[in-house]
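Please look through the structure below, following its charged pair, its pocket and its surface in turn.

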Amino acid sequence: MNNCINLYLLSTIACKLSECLNTDELNILAADLQVLGDMLSAVSARRAE
């Protein structure tokens, strides 16, 4: 049930960002956040070694 709170928060953030950013800005932000997620996954994997 705790994950539902996270999903609600992320959904709210996405909706609010879509109200104030244009399509190009949203695409850039999405790409940057995906890169950040990939980097955090790599750091986490290296810590587990």
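**A walk through the model**

In this predicted model, a convenient place to begin is with Glu-19 and Lys-16, both of which are exposed. The side chains of these two residues meet in a salt bridge, with an N to O distance of 3.9 Å, and the structure holds 1 salt bridge in total. Side chains of opposite charge can pair when their charged atoms come close. As for their place in the fold, Glu-19 and Lys-16 both belong to helix α1, which spans residues 2-20, and they are 3 residues apart, or about one turn of the helix.

From the charged pair we can turn to the largest pocket, whose volume is about 160 Å³. Its lining is formed by Leu-10, Ile-13, Ala-14, Leu-17, Leu-26, Leu-29, Ala-30 and Leu-33, and the elements that contribute two or more residues to this lining are α1 and α2, the latter covering residues 23-47. In chemical character, the lining residues divide into 8 nonpolar, with no polar and no charged residues among them.

Two residues of that lining, Leu-10 and Ile-13, also appear on the surface, where together with Leu-9 they make a nonpolar patch of about 290 Å². Ile-13, which is placed in helix α1, has a relative accessible area of 40% and is therefore classed as partly exposed, since this class lies between the limits of under 20% for buried and over 50% for exposed. Ile-13 thus takes part both in the lining of the largest pocket and in the nonpolar surface patch.

Notes. Residues numbered from 1 in each chain as written. Predicted model: local features only at pLDDT ≥ 70, side-chain atom pairs only at ≥ 80, totals over all residues. Heavy atoms only, no water. Salt bridge = Lys/Arg side-chain N within 4 Å of Asp/Glu carboxyl O. Helix = DSSP H or I, 4+ residues; strand = E, 2+ residues; numbered from the N terminus. Buried < 20%, exposed > 50% of the residue type's maximum accessible area, 1.4 Å probe, protein only. 1 Å grid on protein atoms, 1.4 Å probe; cavity = no way out; pocket = protein on both sides within 12 Å on 5 of 7 lines; lining within 4 Å. Points joined across faces, edges and corners; volume = space filled by probe spheres on them. Nonpolar A, V, L, I, M, F, W, Y, C, P; charged D, E, K, R; others polar. Patch = residues over 30% accessible without salt bridge, like charges linked within 9 Å, V, L, I, M, F, W, Y side chains within 5 Å. Areas by Shrake-Rupley, 256 points an atom, 1.4 Å probe, with all protein chains shown as cover.
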